[in-house]
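Let's take a walk through this fold together. Keep the viewer open beside the text and follow along as the parts come up.

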Amino acid sequence: MKIINLFIYFLLFTFFVSSKKQEKKPTRSLPLHNKKVVILGNSITQNGKYVDFVEYYLRKNYPNEKLNIISIGLSSETVSGDSEIKHAFPRPCIHSRLDLALKLTKPDLVLACYGMNDGIYSKIDSTRFNNYKNGIKKLKEKVRQQGAEIILMTPTPFDAYAAKEKLGKESDRVFSYNKRYPGYNNVLKYYSKWLLKTKDTKIINLNGYVSSMLEEIKQIKTDSTFIPDGVHPNTIGHYHMAKKILKDLYPQITLEKGITELNNIEKDSLYKLVSKRRGIRSKGWLNYIGYKKKEIVKSNDITTTKARVKQLDKVIDNYLKTK
């Protein structure tokens, strides 16, 4: 009799636990929502189109969720601190502005993409590579000390064919941005391979994905490219970058393939608003944090930027409510 009672109790307990599990609604993973996100990088990030595309899709798919992204990429910047001897000015390094950037923006999450400039458009070099590795490690440490998470992105590929007017010769001893090593994409792959071995940090492999998209169009026509100067992706290239970022962080979002989709996005009023907002916010925060190239750039005011962004937030919210 006791055994039967115990069996009945067991069945009732199992049914109760099972019912509770079924009552729980599945939680959605929204890695960039409901937190402050800061995006760091070089001129590709300062251009910002891939950030525009990412934010556009996130707002379109999750209109009721809070999105707070500050993109502060800086052209010519490295994470290594290296620079060409004959560069117009010493390349800026993220570590010269990182502490203040983290202090002022107070991010919960940082996305960073470095590598394109860090190889100095030259052959693989152990000293430069170690500087890159140490720079990445220091970046991770600083972000985590701030109490934020970090996601790293591998550098986008170098298209030697498109860069042919600024290529040096394989036998040259010195290379630079204006005389680039023909095999520089292999250097970026080498850097990317090291990043991908990182076990304590999420890595988004832009290099692998964007390279595969580049190879795909070159199979159709050899001189096809979406990196017209060999370094900076055009709008289509930025779209591929955004697609990979969303594919990794928001696999539930479907992005169509092809120029037709891109043309439709750029005609969308929401995209135009998002892009305008990102541009205003990026420039405002970039100057407020400050940086040095040929000259020091530093603004003491961020209130104007905040006010303009707040106005656009209202316009965007009203637009989304009507859809």
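The report goes from the whole chain to two helices, a strand pair, a loop and the salt bridges.

**The chain as a whole**

Please bear in mind that this is a predicted model. The protein chain has eleven helices and seven strands. Along the principal axes, its C-alpha atoms fill a box of roughly 90 × 50 × 45 Å. Of the 323 residues in the protein chain, 51% are buried. The chain exposes about 17400 Å², and carbon and sulfur atoms supply 53% of that area. Contacts across the sequence are worth a look too: among those between residues at least 6 apart in sequence, 76% join residues at least 24 apart.

**Helix H8 and its surroundings**

A good place to start is helix H8, which covers residues 235-249. From its first C-alpha to its last, the 15 residues of H8 reach 21 Å, close to the 21 Å expected at 1.5 Å a residue. At the start of H8, Asn234 brings a side-chain oxygen to within 3.1 Å of the backbone nitrogen of Ile236.

How much of H8 is enclosed by the rest of the structure? Eleven of its 15 residues are buried, so the helix is largely enclosed. Towards the start of the helix, the buried residues include Gly237, His238, Tyr239 and His240. Further along, Met241, Ala242, Lys243, Lys244, Ile245, Leu246 and Leu249 are buried as well.

Which elements do these buried residues pack against? The helices among them are H2 (43-47), H3 (49-61), H7 (206-220) and H9 (259-267). Strands S4 (149-153) and S5 (202-204) are also packing partners of the buried H8 residues.

**Helix H3**

One of those partners, H3, deserves its own stop. It has 13 residues and reaches 18 Å from its first C-alpha to its last, close to the 18 Å expected at 1.5 Å a residue. H3 is mostly covered, with ten of its 13 residues buried. Aromatic names are easy to spot in this buried set, including Tyr50, Phe53, Tyr56 and Tyr57. Val51, Val54 and Leu58 are buried too, and so are Asp52, Glu55 and Arg59. Two of these names return in a salt-bridge network, where Glu55 and Arg59 are linked with Arg277 and Asp313.

**Strands S1 and S2**

Now turn to strand S1 (residues 36-41), which runs parallel to S2 and is joined to it by four bridges. In this pairing, Val38 stands opposite Ile70 in S2. Within S2 (residues 68-71), Asn68 and Ile70 point one way, while Ile69 and Ser71 point the other. This fits the general pattern, in which side chains of a regular strand alternate between the two faces of the sheet. Are the four S2 residues buried or exposed? On either side, they are buried.

**The loop between S2 and H4**

Ser80 is found in the loop between S2 and helix H4 (98-105). With a relative accessibility of 14%, Ser80 counts as buried, because the cut-off for that label is under 20%. Leaving aside residues up to four places away in sequence, Ser80 touches Cys93, Asp118, Asn131 and Tyr132.

**Salt bridges**

The structure holds twelve salt bridges. Three of them are set out here.

| Pair | N to O distance |
|---|---|
| Arg97 and Glu77 | 2.7 Å |
| Lys142 and Asp99 | 3.3 Å |
| Arg144 and Asp200 | 3.1 Å |

The side chains of Arg97 and Glu77 meet in a salt bridge. Both residues lie in the loop between S2 and H4, 20 residues apart. Arg97 is buried at a relative accessible area of 3%, and Glu77 is buried at 0%.

In another bridge, Lys142 meets Asp99. Lys142 belongs to helix H5 (residues 126-145) and Asp99 to helix H4, so their bridge ties together parts that are 43 residues apart in sequence. Lys142 is partly exposed at 26% relative accessibility, and Asp99 is partly exposed at 45%.

Arg144 and Asp200 form a further bridge. Here Arg144 sits in helix H5 and Asp200 in the loop between helix H6 (184-196) and S5, 56 residues apart. Arg144 is partly exposed at 35% relative accessibility, as is Asp200 at 48%.

Terms used:
Residues numbered from 1 in each chain as written. Predicted model: local features only at pLDDT ≥ 70, side-chain atom pairs only at ≥ 80, totals over all residues. Heavy atoms only, no water. Buried < 20%, exposed > 50% of the residue type's maximum accessible area, 1.4 Å probe, protein only. Helix = DSSP H or I, 4+ residues; strand = E, 2+ residues; numbered from the N terminus. Pairing = 2+ DSSP bridges. Expected span 1.5 Å × (residues − 1). Contact = heavy atoms within 4.5 Å. Polar contact = N/O pair within 3.5 Å; in protein donor to acceptor, adjacent residues only side chain to side chain. Areas by Shrake-Rupley, 256 points an atom, 1.4 Å probe, with all protein chains shown as cover. Salt bridge = Lys/Arg side-chain N within 4 Å of Asp/Glu carboxyl O.
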